[in-house]
Amino acid sequence: MVLKTFGYKIKLFFQFMKFAFRYWKTLGSLEQTKLQKKEITSKPVKDKYDLIIIGCGPAGLAAGIYAARQRLDFCVISKDIGGQTKINTYPIENYLGYHYITGVELEQKFEEHFRSFDIEVKYETVNKIEAGKEGFNVLTDSSTYFSKALIIATGRVNKTLNIPGELDYIGRGVSFCAHCDAPLFKDKVVAVIGGGRSGLDAASQLVNIASKVYLIEIADEIKQLGPSTDFVRNHPKVEILTKTKTLEIFGDQIVKGIRISQDGKERKISVDGVFINVGYKPSTDFVKGLLKLNDRDEIVIDKNNHTSVSGIFAAGDCTDISEKQVIVAAGEGAKAFIAASEYLTKLKSKKKEIIKTV
Ligand SMILES: Cc1cc2nc3c(=O)[nH]c(=O)nc-3n(C[C@H](O)[C@H](O)[C@H](O)COP(=O)(O)OP(=O)(O)OC[C@H]3O[C@@H](n4cnc5c(N)ncnc54)[C@H](O)[C@@H]3O)c2cc1C
(Lines give C-alpha, C1' and ligand atoms only; values in the text may rest on other atoms or scores of the structure.)
Protein backbone atom coordinates (compact mmCIF):
# COMPACT_ATOMS: atom_id res chain seq x y z
CA MET A 1 0.00 0.00 0.00
CA VAL A 2 2.82 2.42 1.05
CA LEU A 3 4.78 1.41 -2.06
CA LYS A 4 1.74 1.96 -4.25
CA THR A 5 1.22 5.54 -2.86
CA PHE A 6 4.94 6.29 -3.31
CA GLY A 7 4.83 5.07 -6.92
CA TYR A 8 1.77 7.23 -7.60
CA LYS A 9 3.54 10.32 -6.15
CA ILE A 10 6.60 9.70 -8.34
CA LYS A 11 4.30 9.42 -11.42
CA LEU A 12 2.61 12.71 -10.48
CA PHE A 13 6.01 14.38 -10.00
CA PHE A 14 7.17 13.35 -13.50
CA GLN A 15 3.90 14.46 -15.07
CA PHE A 16 4.31 17.87 -13.37
CA MET A 17 7.92 18.16 -14.61
CA LYS A 18 6.82 17.25 -18.17
CA PHE A 19 4.12 19.95 -18.05
CA ALA A 20 6.54 22.54 -16.59
CA PHE A 21 9.09 21.79 -19.31
CA ARG A 22 6.48 22.18 -22.06
CA TYR A 23 5.28 25.47 -20.50
CA TRP A 24 8.84 26.78 -20.31
CA LYS A 25 9.46 25.80 -23.96
CA THR A 26 6.25 27.51 -25.10
CA LEU A 27 7.17 30.66 -23.19
CA GLY A 28 10.62 30.54 -24.77
CA SER A 29 9.26 30.27 -28.29
CA LEU A 30 6.71 33.02 -27.59
CA GLU A 31 9.55 35.29 -26.47
CA GLN A 32 11.46 34.36 -29.60
CA THR A 33 8.45 35.17 -31.81
CA LYS A 34 8.08 38.50 -30.00
CA LEU A 35 11.75 39.23 -30.63
CA GLN A 36 11.49 38.24 -34.29
CA LYS A 37 8.40 40.43 -34.69
CA LYS A 38 10.27 43.26 -33.03
CA GLU A 39 13.16 42.77 -35.44
CA ILE A 40 10.83 42.73 -38.44
CA THR A 41 8.76 45.70 -37.33
CA SER A 42 11.86 47.69 -36.37
CA LYS A 43 13.05 47.39 -40.03
CA PRO A 44 11.09 50.04 -41.93
CA VAL A 45 9.34 48.66 -45.00
CA LYS A 46 10.17 51.20 -47.67
CA ASP A 47 7.52 51.86 -50.30
CA LYS A 48 8.18 55.45 -51.39
CA TYR A 49 11.01 56.43 -53.71
CA ASP A 50 12.19 59.29 -55.91
CA LEU A 51 12.71 56.85 -58.76
CA ILE A 52 11.54 53.33 -59.56
CA ILE A 53 13.10 51.42 -62.46
CA ILE A 54 10.80 48.71 -63.80
CA GLY A 55 12.56 45.85 -65.59
CA CYS A 56 16.12 44.66 -65.22
CA GLY A 57 17.44 43.65 -68.64
CA PRO A 58 20.36 45.59 -70.17
CA ALA A 59 18.31 48.85 -70.18
CA GLY A 60 17.20 48.58 -66.54
CA LEU A 61 20.63 47.37 -65.40
CA ALA A 62 22.35 50.37 -67.00
CA ALA A 63 19.79 52.80 -65.53
CA GLY A 64 20.24 51.15 -62.11
CA ILE A 65 24.03 51.51 -62.16
CA TYR A 66 23.73 55.19 -63.09
CA ALA A 67 21.18 55.77 -60.32
CA ALA A 68 23.32 53.96 -57.73
CA ARG A 69 26.37 56.02 -58.61
CA GLN A 70 24.32 59.20 -58.07
CA ARG A 71 23.09 57.77 -54.72
CA LEU A 72 19.51 58.39 -55.71
CA ASP A 73 16.62 57.22 -53.54
CA PHE A 74 15.45 54.44 -55.85
CA CYS A 75 14.66 50.78 -56.30
CA VAL A 76 14.33 48.32 -59.16
CA ILE A 77 11.23 46.17 -59.60
CA SER A 78 11.64 43.26 -61.98
CA LYS A 79 10.55 39.70 -62.60
CA ASP A 80 14.22 38.77 -62.99
CA ILE A 81 17.69 40.14 -63.59
CA GLY A 82 19.16 39.90 -67.08
CA GLY A 83 16.07 39.81 -69.30
CA GLN A 84 16.51 38.37 -72.79
CA THR A 85 20.33 38.23 -72.53
CA LYS A 86 19.96 35.54 -69.90
CA ILE A 87 18.37 33.13 -72.38
CA ASN A 88 20.78 33.86 -75.22
CA THR A 89 23.31 31.04 -75.42
CA TYR A 90 24.64 32.25 -78.78
CA PRO A 91 27.77 34.38 -78.99
CA ILE A 92 27.24 38.14 -79.03
CA GLU A 93 29.88 39.60 -81.33
CA ASN A 94 28.55 43.14 -81.50
CA TYR A 95 28.93 44.31 -77.90
CA LEU A 96 31.78 46.71 -77.29
CA GLY A 97 34.76 45.34 -75.37
CA TYR A 98 34.22 41.66 -76.17
CA HIS A 99 35.27 39.92 -79.38
CA TYR A 100 33.31 36.85 -78.45
CA ILE A 101 31.00 36.30 -75.50
CA THR A 102 27.73 34.42 -75.16
CA GLY A 103 24.60 36.27 -74.02
CA VAL A 104 24.61 34.26 -70.81
CA GLU A 105 28.23 35.22 -70.03
CA LEU A 106 27.62 38.86 -70.89
CA GLU A 107 24.61 38.90 -68.60
CA GLN A 108 26.78 37.50 -65.77
CA LYS A 109 29.24 40.38 -66.28
CA PHE A 110 26.35 42.88 -66.24
CA GLU A 111 24.90 41.32 -63.10
CA GLU A 112 28.28 41.26 -61.32
CA HIS A 113 28.71 44.97 -62.06
CA PHE A 114 25.12 45.75 -61.00
CA ARG A 115 25.42 43.77 -57.75
CA SER A 116 28.65 45.55 -56.79
CA PHE A 117 26.34 48.42 -55.81
CA ASP A 118 23.90 48.10 -52.96
CA ILE A 119 20.79 48.26 -55.15
CA GLU A 120 17.39 47.33 -53.76
CA VAL A 121 15.69 44.89 -56.12
CA LYS A 122 12.11 43.74 -55.65
CA TYR A 123 11.40 40.54 -57.58
CA GLU A 124 7.80 41.35 -58.44
CA THR A 125 5.65 41.78 -61.53
CA VAL A 126 4.20 45.21 -62.20
CA ASN A 127 0.54 44.97 -63.19
CA LYS A 128 -0.55 48.61 -63.24
CA ILE A 129 0.64 52.20 -62.90
CA GLU A 130 -1.60 54.96 -61.60
CA ALA A 131 -0.70 58.59 -62.16
CA GLY A 132 -1.33 61.01 -59.30
CA LYS A 133 -0.57 64.66 -58.54
CA GLU A 134 2.75 64.07 -56.82
CA GLY A 135 3.90 61.00 -58.72
CA PHE A 136 2.94 57.43 -59.53
CA ASN A 137 1.58 54.39 -57.78
CA VAL A 138 3.19 51.18 -59.00
CA LEU A 139 0.93 48.19 -58.37
CA THR A 140 2.69 44.83 -58.37
CA ASP A 141 1.47 41.28 -57.76
CA SER A 142 2.19 41.70 -54.04
CA SER A 143 2.44 45.42 -53.12
CA THR A 144 1.94 49.04 -54.06
CA TYR A 145 4.83 51.50 -54.24
CA PHE A 146 4.98 55.22 -54.82
CA SER A 147 7.56 57.06 -56.89
CA LYS A 148 8.06 60.61 -58.13
CA ALA A 149 9.51 59.36 -61.43
CA LEU A 150 9.61 56.07 -63.30
CA ILE A 151 11.82 54.42 -65.87
CA ILE A 152 10.10 51.62 -67.77
CA ALA A 153 12.54 49.08 -69.20
CA THR A 154 10.38 45.98 -69.48
CA GLY A 155 11.67 44.80 -72.87
CA ARG A 156 9.76 42.35 -74.98
CA VAL A 157 9.16 38.66 -75.48
CA ASN A 158 9.35 36.84 -78.80
CA LYS A 159 6.19 35.11 -79.94
CA THR A 160 6.80 31.41 -80.35
CA LEU A 161 5.37 28.73 -82.66
CA ASN A 162 4.72 26.29 -79.82
CA ILE A 163 5.97 23.32 -81.81
CA PRO A 164 8.21 20.41 -80.73
CA GLY A 165 11.93 21.23 -80.79
CA GLU A 166 11.52 25.00 -80.87
CA LEU A 167 12.67 25.73 -77.35
CA ASP A 168 15.03 22.71 -77.13
CA TYR A 169 17.18 24.00 -79.99
CA ILE A 170 17.51 27.67 -78.95
CA GLY A 171 21.24 28.33 -79.18
CA ARG A 172 21.73 25.11 -81.19
CA GLY A 173 20.28 26.21 -84.50
CA VAL A 174 17.10 28.04 -83.51
CA SER A 175 17.32 31.83 -83.36
CA PHE A 176 14.90 34.69 -82.88
CA CYS A 177 17.32 37.36 -84.08
CA ALA A 178 18.89 37.50 -87.56
CA HIS A 179 20.76 40.72 -86.68
CA CYS A 180 22.46 38.83 -83.90
CA ASP A 181 22.97 35.33 -85.24
CA ALA A 182 23.02 35.43 -89.07
CA PRO A 183 26.89 35.42 -89.22
CA LEU A 184 26.90 32.01 -87.52
CA PHE A 185 25.24 30.43 -90.57
CA LYS A 186 27.84 31.16 -93.25
CA ASP A 187 27.27 28.89 -96.28
CA LYS A 188 24.55 26.96 -94.43
CA VAL A 189 20.95 26.25 -95.33
CA VAL A 190 18.45 28.09 -93.17
CA ALA A 191 14.69 28.47 -92.85
CA VAL A 192 13.04 31.75 -91.94
CA ILE A 193 9.64 31.13 -90.46
CA GLY A 194 7.24 34.02 -90.91
CA GLY A 195 6.92 36.11 -94.06
CA GLY A 196 5.95 39.39 -92.39
CA ARG A 197 8.14 42.46 -92.10
CA SER A 198 10.66 40.98 -89.65
CA GLY A 199 10.79 37.67 -91.58
CA LEU A 200 11.56 39.56 -94.79
CA ASP A 201 14.24 41.59 -93.01
CA ALA A 202 15.76 38.40 -91.61
CA ALA A 203 15.75 36.74 -95.06
CA SER A 204 17.34 39.78 -96.71
CA GLN A 205 20.20 39.67 -94.18
CA LEU A 206 20.61 35.91 -94.42
CA VAL A 207 20.95 35.79 -98.23
CA ASN A 208 24.30 37.57 -97.86
CA ILE A 209 25.60 34.85 -95.55
CA ALA A 210 23.74 31.54 -95.97
CA SER A 211 23.88 29.29 -99.07
CA LYS A 212 20.08 28.90 -99.24
CA VAL A 213 17.13 30.50 -97.45
CA TYR A 214 13.66 28.94 -97.23
CA LEU A 215 11.06 31.59 -96.42
CA ILE A 216 8.06 29.87 -94.88
CA GLU A 217 4.71 31.63 -94.68
CA ILE A 218 1.43 30.20 -93.45
CA ALA A 219 -0.72 32.57 -95.55
CA ASP A 220 -1.42 32.29 -99.30
CA GLU A 221 1.14 34.92 -100.27
CA ILE A 222 3.98 37.15 -99.11
CA LYS A 223 2.53 40.62 -98.76
CA GLN A 224 4.24 43.66 -100.28
CA LEU A 225 5.81 45.15 -97.16
CA GLY A 226 8.44 47.60 -98.32
CA PRO A 227 11.71 47.44 -100.27
CA SER A 228 12.94 44.10 -98.89
CA THR A 229 9.87 42.29 -100.31
CA ASP A 230 10.94 42.32 -103.96
CA PHE A 231 14.59 41.85 -103.07
CA VAL A 232 13.74 38.63 -101.21
CA ARG A 233 11.11 37.46 -103.72
CA ASN A 234 13.55 37.70 -106.63
CA HIS A 235 16.71 36.52 -104.91
CA PRO A 236 18.14 33.32 -106.42
CA LYS A 237 19.08 31.93 -102.99
CA VAL A 238 15.50 32.22 -101.66
CA GLU A 239 12.80 29.58 -101.98
CA ILE A 240 9.41 30.82 -100.79
CA LEU A 241 6.95 28.27 -99.42
CA THR A 242 3.48 29.74 -98.88
CA LYS A 243 0.44 27.98 -97.35
CA THR A 244 3.02 26.16 -95.28
CA LYS A 245 2.84 25.31 -91.61
CA THR A 246 5.93 24.33 -89.64
CA LEU A 247 5.11 21.31 -87.48
CA GLU A 248 8.42 20.39 -85.85
CA ILE A 249 12.09 21.30 -85.58
CA PHE A 250 14.25 18.20 -85.30
CA GLY A 251 17.91 17.32 -84.93
CA ASP A 252 20.42 15.63 -82.63
CA GLN A 253 22.84 17.90 -80.78
CA ILE A 254 22.05 20.63 -83.30
CA VAL A 255 19.19 21.38 -85.70
CA LYS A 256 19.02 19.05 -88.71
CA GLY A 257 15.72 20.03 -90.26
CA ILE A 258 12.06 20.92 -90.06
CA ARG A 259 8.85 19.01 -90.72
CA ILE A 260 6.30 21.06 -92.64
CA SER A 261 2.80 20.71 -93.98
CA GLN A 262 2.16 22.40 -97.35
CA ASP A 263 -1.35 22.25 -98.75
CA GLY A 264 -2.05 19.42 -96.35
CA LYS A 265 0.99 17.34 -97.49
CA GLU A 266 3.69 16.68 -94.92
CA ARG A 267 7.42 16.54 -95.70
CA LYS A 268 10.82 17.14 -94.14
CA ILE A 269 13.41 19.72 -95.22
CA SER A 270 17.07 19.57 -94.15
CA VAL A 271 18.24 22.88 -92.66
CA ASP A 272 21.08 23.95 -90.34
CA GLY A 273 19.31 26.93 -88.83
CA VAL A 274 15.77 28.12 -88.15
CA PHE A 275 15.03 31.82 -87.69
CA ILE A 276 11.64 32.32 -86.07
CA ASN A 277 10.07 35.64 -86.96
CA VAL A 278 6.43 35.37 -86.05
CA GLY A 279 6.48 38.66 -84.19
CA TYR A 280 7.17 39.80 -80.70
CA LYS A 281 5.21 41.27 -77.90
CA PRO A 282 6.48 44.30 -76.00
CA SER A 283 5.86 43.94 -72.24
CA THR A 284 3.71 47.03 -72.04
CA ASP A 285 0.22 45.74 -71.10
CA PHE A 286 0.45 47.45 -67.71
CA VAL A 287 0.76 50.95 -69.26
CA LYS A 288 -2.03 50.60 -71.83
CA GLY A 289 -4.36 53.58 -71.49
CA LEU A 290 -1.73 55.56 -69.56
CA LEU A 291 1.11 55.99 -72.08
CA LYS A 292 1.01 56.57 -75.82
CA LEU A 293 1.81 53.29 -77.61
CA ASN A 294 2.34 52.73 -81.34
CA ASP A 295 0.46 50.14 -83.44
CA ARG A 296 2.91 47.47 -82.23
CA ASP A 297 2.21 48.30 -78.57
CA GLU A 298 5.66 49.85 -78.12
CA ILE A 299 5.98 52.90 -75.87
CA VAL A 300 6.43 56.03 -77.95
CA ILE A 301 9.45 58.05 -76.73
CA ASP A 302 11.30 61.14 -77.89
CA LYS A 303 15.06 61.25 -78.39
CA ASN A 304 15.60 61.85 -74.67
CA ASN A 305 13.41 58.92 -73.57
CA HIS A 306 10.43 61.03 -72.44
CA THR A 307 7.11 59.24 -72.81
CA SER A 308 3.73 60.92 -73.31
CA VAL A 309 3.42 61.37 -69.50
CA SER A 310 5.74 63.80 -67.72
CA GLY A 311 7.83 61.95 -65.11
CA ILE A 312 7.69 58.59 -66.90
CA PHE A 313 10.70 57.63 -69.01
CA ALA A 314 11.21 54.47 -71.06
CA ALA A 315 14.17 52.62 -72.52
CA GLY A 316 15.13 49.58 -74.56
CA ASP A 317 13.07 46.98 -76.40
CA CYS A 318 9.74 48.07 -74.90
CA THR A 319 10.00 51.37 -76.78
CA ASP A 320 9.55 52.38 -80.44
CA ILE A 321 13.31 52.66 -81.14
CA SER A 322 14.00 50.68 -84.30
CA GLU A 323 17.02 48.65 -83.19
CA LYS A 324 16.46 45.99 -80.55
CA GLN A 325 20.00 45.20 -79.45
CA VAL A 326 21.88 44.82 -76.16
CA ILE A 327 24.22 47.73 -76.82
CA VAL A 328 21.32 49.99 -77.81
CA ALA A 329 19.20 48.97 -74.81
CA ALA A 330 22.09 49.63 -72.39
CA GLY A 331 22.71 53.08 -73.93
CA GLU A 332 19.00 53.89 -73.85
CA GLY A 333 18.87 52.90 -70.16
CA ALA A 334 21.67 55.35 -69.41
CA LYS A 335 19.92 58.10 -71.41
CA ALA A 336 16.61 57.45 -69.67
CA PHE A 337 18.31 57.76 -66.29
CA ILE A 338 19.94 61.09 -67.22
CA ALA A 339 16.54 62.43 -68.34
CA ALA A 340 14.83 61.15 -65.17
CA SER A 341 17.54 62.66 -62.98
CA GLU A 342 17.13 66.06 -64.68
CA TYR A 343 13.37 65.79 -64.14
CA LEU A 344 13.83 65.07 -60.41
CA THR A 345 16.25 67.99 -60.04
CA LYS A 346 13.73 70.32 -61.70
CA LEU A 347 10.98 68.92 -59.47
CA LYS A 348 13.04 69.69 -56.35
CA SER A 349 13.90 73.23 -57.44
CA LYS A 350 10.24 73.90 -58.30
CA LYS A 351 9.23 72.78 -54.79
CA LYS A 352 11.87 75.04 -53.24
CA GLU A 353 10.50 77.95 -55.27
CA ILE A 354 7.00 77.19 -53.99
CA ILE A 355 8.25 76.94 -50.40
CA LYS A 356 10.12 80.26 -50.80
CA THR A 357 7.04 82.08 -52.08
CA VAL A 358 4.76 80.81 -49.33
C1 LIG B 1 17.73 34.54 -78.26
C2 LIG B 1 18.13 35.99 -78.36
C3 LIG B 1 19.35 36.33 -78.92
C4 LIG B 1 19.75 37.66 -78.99
N5 LIG B 1 21.00 37.96 -79.49
C6 LIG B 1 21.44 39.23 -79.48
C7 LIG B 1 22.77 39.56 -79.96
O8 LIG B 1 23.53 38.70 -80.37
N9 LIG B 1 23.16 40.86 -79.92
C10 LIG B 1 22.34 41.84 -79.45
O11 LIG B 1 22.77 42.99 -79.40
N12 LIG B 1 21.07 41.57 -79.02
C13 LIG B 1 20.60 40.30 -79.03
N14 LIG B 1 19.32 40.01 -78.60
C15 LIG B 1 18.44 41.13 -78.23
C16 LIG B 1 18.75 41.65 -76.83
O17 LIG B 1 18.82 40.59 -75.89
C18 LIG B 1 17.70 42.68 -76.42
O19 LIG B 1 17.69 43.73 -77.36
C20 LIG B 1 17.96 43.26 -75.03
O21 LIG B 1 17.98 42.24 -74.05
C22 LIG B 1 16.89 44.29 -74.66
O23 LIG B 1 17.09 44.73 -73.37
P24 LIG B 1 15.93 45.41 -72.51
O25 LIG B 1 16.53 45.73 -71.20
O26 LIG B 1 15.29 46.49 -73.28
O27 LIG B 1 14.80 44.29 -72.33
P28 LIG B 1 14.83 42.78 -71.83
O29 LIG B 1 16.16 42.16 -72.00
O30 LIG B 1 13.66 42.15 -72.50
O31 LIG B 1 14.55 42.91 -70.26
C32 LIG B 1 13.27 43.27 -69.76
C33 LIG B 1 13.20 43.09 -68.25
O34 LIG B 1 11.95 43.54 -67.76
C35 LIG B 1 11.34 42.55 -66.91
N36 LIG B 1 9.88 42.71 -67.00
C37 LIG B 1 9.09 42.56 -68.08
N38 LIG B 1 7.80 42.84 -67.78
C39 LIG B 1 7.78 43.14 -66.46
C40 LIG B 1 6.76 43.51 -65.54
N41 LIG B 1 5.48 43.65 -65.92
N42 LIG B 1 7.10 43.72 -64.24
C43 LIG B 1 8.37 43.59 -63.82
N44 LIG B 1 9.39 43.27 -64.65
C45 LIG B 1 9.10 43.05 -65.96
C46 LIG B 1 11.88 41.24 -67.46
O47 LIG B 1 11.79 40.22 -66.50
C48 LIG B 1 13.33 41.63 -67.78
O49 LIG B 1 14.13 41.59 -66.63
C50 LIG B 1 18.89 38.70 -78.52
C51 LIG B 1 17.65 38.36 -77.96
C52 LIG B 1 17.27 37.02 -77.87
C53 LIG B 1 15.92 36.66 -77.26
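The exercises below take a single predicted chain and work through its ligand shell, its cores, its sheets and a few single residues.

Residues are numbered from 1 along each chain as its sequence is written. Because the model is predicted, local features need pLDDT of at least 70 and side-chain atom pairs count only at pLDDT 80 or more, while totals for chains, interfaces and linings use all residues.

**Exercise 1. The chain as a whole**

Find how many helices and strands the chain has, and what share of its residues is buried.

Solution. Begin with the secondary structure, where helices (H or I, at least four residues) and strands (E, at least two) are DSSP runs, numbered from the N terminus. The chain has 7 helices and 19 strands. Next comes burial: a residue is buried if 20 or more other C-beta atoms lie within 10 Å of its own, exposed if 12 or fewer, and partly exposed in between, with C-beta atoms placed from the backbone. By this rule, 35% of the 358 residues in the chain are buried.

**Exercise 2. Around the ligand**

Work out which residues come nearest to the ligand and where the ligand lies with respect to the two domains.

Solution. A residue is near a molecule if its C-beta atom, placed from the backbone, lies within 6 Å of it. The shell around the ligand has 39 residues, of which Gly57, Gly83, Gly155, Cys180 and Gly316 come nearest. Two or more residues of this shell come from each of α2 (58–69), β9 (156–158) and α7 (326–357).

Then sort the shell by class, counting Ala, Val, Leu, Ile, Met, Phe, Trp, Tyr, Cys and Pro as nonpolar, Asp, Glu, Lys and Arg as charged, and the others, Gly among them, as polar. The result is 17 nonpolar, 17 polar and 5 charged residues. Finally, turn to the domains, whose bounds come from an automatic or database domain assignment. The ligand lies between domain 1 (45–158 + 280–348) and domain 2 (174–276), because both give residues to the shell around it.

**Exercise 3. Cores and a buried helix**

Identify the residues that touch the most other members of the largest nonpolar core, and then describe what the buried residues of helix α5 pack against.

Solution. A nonpolar core is a set of buried Ala, Val, Leu, Ile, Met, Phe, Trp, Tyr and Cys residues joined through C-beta atoms within 7 Å. In the largest one, which has 47 residues, Ile52, Ile53, Ala63, Leu150, Ile151 and Ile152 touch the most other members. A second, separate core has 30 residues, including Val190, Val192, Val213 and Ile258.

For the helix, recall that two residues are in contact if their C-beta atoms, placed from the backbone, lie within 7 Å. Helix α5 (residues 197–206) has as its buried residues Ser198, Gly199, Leu200, Ala202, Ala203 and Leu206. These buried residues pack against α4 (178–181), β11 (189–193), β12 (212–216), α6 (227–233), β13 (238–241) and β17 (273–276).

Ala178, found in helix α4, gives a single-residue view, for it is in contact with Asp201, Ala202, Gln205, Leu206 and Phe275 when its neighbours within four places in sequence are left aside. Ala178 counts as buried because 23 other C-beta atoms lie within 10 Å.

**Exercise 4. Two ways of pairing strands**

Compare how β11 pairs with β17 and how β15 pairs with β16.

Solution. Two strands pair if DSSP finds at least two bridges between them. β11 and β17 run parallel and are joined by 4 bridges, with Val274 in β17 as the bridge partner of Ala191. They belong to an open sheet of 5 strands in the order β10-β17-β11-β12-β13, whose edge strands are β10 (174–175) and β13.

β15 (residues 255–262) and β16, by contrast, run antiparallel and are joined by 6 bridges. Here Ser261 has Glu266 in β16 as its bridge partner, and in the hairpin, which has 2 residues between the strands, Asp263 takes a positive phi near 50°. Strand β16 (residues 265–270) lies largely in the open, because the number buried among its 6 residues is 0.

**Exercise 5. Two loop residues**

Decide whether Lys243 and Asn305 are buried or partly exposed.

Solution. Lys243 lies in the loop between β13 and β14 (244–251), and its phi is near 50°, a positive value in a residue other than glycine. Lys243 is partly exposed, because it has 14 C-beta neighbours inside 10 Å. Asn305 lies in the loop between β18 (280–282) and β19 (312–314), with a positive phi near 70°. Asn305 is buried, because 28 other C-beta atoms lie within 10 Å.
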